[in-house]
Amino acid sequence: MSARDDSLRRLDFDSLLDLLGRADGELTAVCHRPIGGPFKSSVVESGAASVGMNLLPDRACVWFSVNPVHGPARVGQGRGGEKDVTRWASLYLDVDVKDGSFPDLDKALDFVDRLSGLAGARPSAMIFSGHGVQPLWPIENGELDCEDKWVRACKLSRRFGRLAVRVAGELSASLDTVSDLSRVLRVPGTRNWKDPASPAETYAVADSGAALSLDGLEELLDEWAPEIDSDQPLGEEPVSKVEDWGFAAGTCRYVSTMVHGWATDRPTGGRHQWALSRCVRLAAAHRLGCITATDLRMAVRCIETALSHWCEVVGPKRDLHPDEVGSAFRWAVARVETFTERRAWDELGRHKSCFGETSEQGTSAPADGFWELTSTLRHTRDFARARRVSPWAMLGVALANVVTTIPPTVQIPPLVGGRASLNLFVGLVGDSGQGKGAVEKAAKDAFLFGPIYSTGIGSGEGINHKYARYDKDRGSVLQRTAVLFSVPEIDSLAALGQRNAATLLPQLRKGWCGEELSFAYAAKEKDLLVPEHSYRMTLVAGIQRGKAGALIDDSDGGTPQRFIWLPTLDPGAPEVKPPAPQPFDLTGIAGGWPSSDADADADLASACQPYEIALPDEAVALVDRDRLAKLKGESTDSALDGHLGLCRIKVAVALALLHSCRAVTPEFWAMSQDVMSVSQETRADVEKHLADRADRDNRARGRADGVRAVEADGVREDAETTRAAKAVRHKLEKLGGEGTPGEVRRGLNSRYRVHFEAALDRLVGAGAVEVSEGVIKLTSSVR
């Protein structure tokens, strides 16, 4: 039977309470909130819970506690917490239909069907809340008359919640967990006023499931959601509820540095305990107003990616438990709710917060767009402005630097063809003197990356020699795995490519993709082969707009498409230079990756065991759509956007690494779009500058050609006039020294007649002839 069946019996509030095992003497919490009003609660006898419905406002949301609670009966004195639950009446979930959860009710019911199949039992009832569905699985013998039973119920409820999150994730949906035994659900027969303009009916139906036994439930969860420390309930009463905590307008420097360190803070004890302790510190940062809402979400994701990584490389290898970090953070929040304020400050080293203001809405209030999204981006902007360089250029160099430190074994999953390399090329666009060298120096001070081998660039063949050397016994052996190539001016790179038999640019293009680097030489010591994905190649080049033509013109080869184009200008630079913040330490992000322990002089072919960095679904879908359009010949991308999708993925990975995260979260994917937008705008500005200059040059050449043409015409005209003057004198001589203009003109060759007036003017000017009373006469000096 399915909840979609129209034949299912509707349940009123009393029938639902009876189905949940309502007994004499039990108490139920009933809560309501009028539209625009406060949340109010009461605790009443379960047998009379429905009677009070008539006394509540018509336009109010109404909830009830599924599990009975301790007395006494009361009004306005709290509905009771988890410790007050007297009987575990039912497991339940709150399956929302909304953006980010389930797209529609059918998908939500598919989830319930799938979870029911796994549990081996349908729910006994379903509450349709108006914006989702709330399935209930009653529990047999759920009396909580001792501490051990209460603890067992709390643990099993949390484990079931984690299992539900896992199943939702398999359906590409998310689920808000409701594992707290004191949680309230919608009362059937009321209305959901979440949208006052369109209230929704709330109703319940009976389903086919029977009550679950505790032993059967525990056996199921032992298989699918093993117990972890964060399943343990907290017995202490809260001192400060999370609803009363505010977020910072900006994450303080202490917390930002703390979170950055977690990516490289290797667990020395239990891995789940490692995550729990960091979640507690993060929850303390939230309670004390030291972190923004965005940074908090990203920090939780960073803990999850770091824990996943440590579960691969520290101790026995295992997958994350279902909702492991989510449940750990919820446990940490509940734990920090019980702390005194002094205890919360102790968790954060009693540091002095850099920000005293919090956002009243409980969300971060960015004042500067992209740069306010995270503390790392703010740090990048602030340090750049303290050193009078462009924040975008600083970010580009920092991304190239951090990628250089990551082993080549870390790769992008095979979305199209095979795996892709993280190798990254950055172009810093600006006029001469706008500071590429200054940016590179500032970036090294802003972020501590550890040793990076950086060098200039020569020939395509020379690139191989930066990575490998020849050994007479082993052939090509590893010399180093990572090189950051620094090119002061892009036109010098193009010139090198032309001088070196056009091998340099093709070799760089292969390097960006992580392909095999090789040349065919007869001499073995020159025939160095660098296998694919055995090396890390990054490049930072200065690009003057007027000299970028050589790079843009290589679009058929694919070179400009591989660059991230970032400006060296900062129109928003403050008049007064701010102080430089303390550097962020990223030296640890290079270590701890699987298969990243290749030493110098190793056999190159043995250094390439891959580790695929995780990408969000949005990134995978975008690349697939782009590739499908290309396969069908439907792509509208310009030639210069040929590698846009892969470029964006590389930027997203680099942003994650700069934030000490080892996986790309949706937040980093969204940030990468901002970077790519700036890159495309900057490249478009370069293209326009080159087009405008070409237009000016063409006009100048046209003007010069015109002057030369006029001069040439003048010379030809002068020569013809000279010859015509001679012909006029010759004719006058034949006429006896004088004649009328008509007689003289008719006596000239047709070639000279068109120049007659000019020839006559020249002769008169030279004193060779005179004109009087309509007669042309040779002067005596000529006769």
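**Notebook: salt bridges, a disulfide, a sheet and cavities**

I began with the charged side chains and found that Asp295, Glu372, Arg378, Arg381 and Asp382 are linked in a network of salt bridges. I note at the outset that the model is predicted.

**Entry 1. Salt bridges**

I looked up the total and obtained a count of 36 salt bridges. I then took three pairs in turn.

My first pair was Asp113 and Arg122, which form a salt bridge with the closest N and O atoms 2.6 Å apart. I recorded Asp113 as partly exposed, at a relative accessible area of 27%. Arg122 has 15% relative accessibility and therefore counts as buried, the limit being under 20%.

My second pair was Arg162 and Asp231, whose side chains meet in a salt bridge at 3.0 Å, N to O. I placed Arg162 in helix H3 (residues 147-170) and Asp231 in the loop between helix H4 (214-224) and strand E14 (247-248), so this pair ties together parts that are 69 residues apart in sequence. Are these two residues buried or exposed? Arg162 is buried, with a relative accessible area of 0%, and Asp231 is buried, also with a value of 0%.

My third pair was Glu312 and Lys317, with a salt bridge of 3.2 Å, N to O, between their side chains. I found Glu312 partly exposed at 30% relative accessibility. Lys317 has a relative accessible area of 63% and is exposed, because that value is over 50%.

**Entry 2. The disulfide**

I searched next for disulfides, and the structure holds one. Which cysteines form this disulfide? Cys302 and Cys661 do, with their sulfur atoms 1.8 Å apart. I traced both ends: Cys302 is in helix H7, while Cys661 is in the loop between helix H18 (644-658) and helix H19 (666-734). The two cysteines are 359 residues apart, and the pair links distant parts of the chain.

I checked the accessibility of each partner. Cys302 counts as buried at 9% relative accessibility, and Cys661 is buried with a relative accessible area of 1%. I also looked at two further cysteines: Cys154 is buried at 0%, and Cys279 is buried at 0%.

**Entry 3. A sheet of three strands**

I turned to an open sheet of three strands and read its order as E27-E29-E28, with antiparallel pairing. Which strands are at the edges? Strand E27 (738-739) and strand E28 (769-772) are the edge strands, each pairing on one side only. I followed the pairing of E28 with strand E29 (residues 775-778), which is antiparallel and runs over four bridges. Within this pairing I noted that Val769 has Leu778 in E29 as its bridge partner.

**Entry 4. Cavities**

I looked last for enclosed space and found five cavities of 30 Å³ or more. The largest cavity holds about 150 Å³ of space. I listed 14 residues that line this largest cavity, of which Val259, Asp295, Ser375, Thr376 and His659 are the closest to its centre. Asp295 also appears in the network of salt bridges with which I began.

Which helices each supply at least two residues of the lining? They are helix H5 (253-262), helix H7 (293-313) and helix H10 (375-386). I noted that helix H7 also carries Cys302 of the disulfide. By class, I recorded six nonpolar, seven polar and one charged residues in the lining of the largest cavity.

Definitions and conventions:
Residues are numbered from 1 along each chain as its sequence is written. This is a predicted model: local features need pLDDT of at least 70, side-chain atom pairs count only at pLDDT 80 or more; totals for chains, interfaces and linings use all residues. Side-chain values use heavy atoms; hydrogens and water are left out. On a 1 Å grid over the protein atoms alone, a cavity is a set of points where a 1.4 Å probe fits but cannot get out, and a pocket is an open set with protein on both sides within 12 Å along at least five of seven lines; lining residues have an atom within 4 Å of a point. Grid points are joined across faces, edges and corners, and a volume is the space filled by probe spheres set on the points. Ala, Val, Leu, Ile, Met, Phe, Trp, Tyr, Cys and Pro count as nonpolar, Asp, Glu, Lys and Arg as charged, and the others, Gly among them, as polar. A disulfide is a pair of cysteine sulfur atoms within 2.5 Å. Buried means under 20% relative accessible area, exposed over 50%, partly exposed in between (1.4 Å probe, protein chains only). Two strands pair if DSSP finds at least two bridges between them. A salt bridge is a side-chain nitrogen of Lys or Arg within 4 Å of a carboxyl oxygen of Asp or Glu.
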